[in-house]
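User: Could you take a close look at one part of this model for me? I'd like the second largest pocket first, and then the charged pairs.

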Amino acid sequence: MADNDFRISTLSTQNKTAPLYASHGWQNVTRYLYKQRVDWSAKGTEGDVQKMDFTNEARLEEVSKIYTQHSKKYQGPHHRDLNYWRTWIMEEASLPGNQPLVFLNKNGEVSGYACFGLEIDEEKKKSLVTLKDFAVNENEHQKDSGKGILRTLLLNFLGQVESRVAIVWPAPLFDNLFEGKSPKAKSREYYMYYPVGHSSSESEISKESIVELLHGVSHQSNTGSASQSNGDIKTSKHLFWPLDGF
């Protein structure tokens, strides 16, 4: 999509308003997620965890570079320039319940970043963590898709939380965070997209719908079934980070 300068507009809506947007050409693209109970005994990756400082220009450039490279592996993450990081992302990540963290390897280099959101149900004594933003460098991605770093960041974030905790993350990242514990499959609807322009390759791109492009479904291999064109939890590349939402 980036190679063809294919640009889309996005919105998050509700079931009552989705038909209206659909009648104007907007297409719903399912988000697939996994939910899993946190294993407190799980091992992570050795390194140092620090709170993300968005006012530190050098640190911000490191994280931005890692995010950009990591995002290219998926379909849907928003392009972010440094000003967007300084304003929108810093503001969203600083909201109550959110915590942005960076992971430093043994050499003191940033090799991972995440932002978590925490909801605590005091009555039921359980908590839910939402992975709202995440990226690792290429070495960590090749090693284990960043799972070791995410476990380290997550356990550091939770600290002394005295309740049962589960975490929800986008399915395209990986299908299991803690060994021996089967995650639950989940999905979210009403993330809608609309094409706003693309380059001279219009005829080629128009053969595939936005849904197929975002799920990473090959038009040539598509049989035409709705379920295949909308991808599935095992194969979808569609990834949207909550920090980019509004």
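How do the residues lining the second largest pocket divide into nonpolar, polar and charged?

Analyst: Keep in mind that this is a predicted model. The lining of the second largest pocket splits into three nonpolar, three polar and eight charged residues. That makes 14 lining residues around the pocket, which has a volume of about 360 Å³. Several strands give two or more residues to this lining: β3 (31-37), β6 (110-121), β7 (126-136) and β8 (164-170). Nearest the centre of the pocket you'll find Lys35, Arg37, Lys126, Ala166 and Lys184.

On to the charged pairs. Side chains of opposite charge can pair when their charged atoms come close. In this model the count comes to eight salt bridges.

Take Lys106 and Glu46, whose closest N and O atoms are 4.0 Å apart. This pair links distant parts of the chain, with the two positions 60 residues apart in numbering. Lys106 sits in the loop between β5 (98-104) and β6, while Glu46 belongs to the loop between β3 and β4 (48-51). Lys106 counts as exposed because its relative accessibility is 69%, over the 50% cut-off. Glu46, at 62%, counts as exposed too.

Next come Arg86 and Glu57, which meet in a salt bridge at 3.0 Å, N to O. Arg86 is part of helix α3 (residues 82-93) and Glu57 is part of helix α2 (residues 57-71), so their pairing ties together parts that are 29 residues apart in sequence. Arg86 has a relative accessibility of 30% and counts as partly exposed. Glu57 is also partly exposed, at 33%.

Then there's a pair within one helix: Glu140 and Lys143 both lie in α4 (residues 138-144), three residues apart, or about one turn. Their side chains form a salt bridge at 3.1 Å, N to O. What's nice here is how the partners sit: Glu140 is buried because its relative accessible area is 10%, under the 20% cut-off, whereas Lys143 is exposed at 52%.

Finally, there's a network: Arg80, Asp133 and Asp244 are joined into one by salt bridges that share partners.

Conventions:
Residues numbered from 1 in each chain as written. Predicted model: local features only at pLDDT ≥ 70, side-chain atom pairs only at ≥ 80, totals over all residues. Heavy atoms only, no water. 1 Å grid on protein atoms, 1.4 Å probe; cavity = no way out; pocket = protein on both sides within 12 Å on 5 of 7 lines; lining within 4 Å. Points joined across faces, edges and corners; volume = space filled by probe spheres on them. Helix = DSSP H or I, 4+ residues; strand = E, 2+ residues; numbered from the N terminus. Nonpolar A, V, L, I, M, F, W, Y, C, P; charged D, E, K, R; others polar. Buried < 20%, exposed > 50% of the residue type's maximum accessible area, 1.4 Å probe, protein only.
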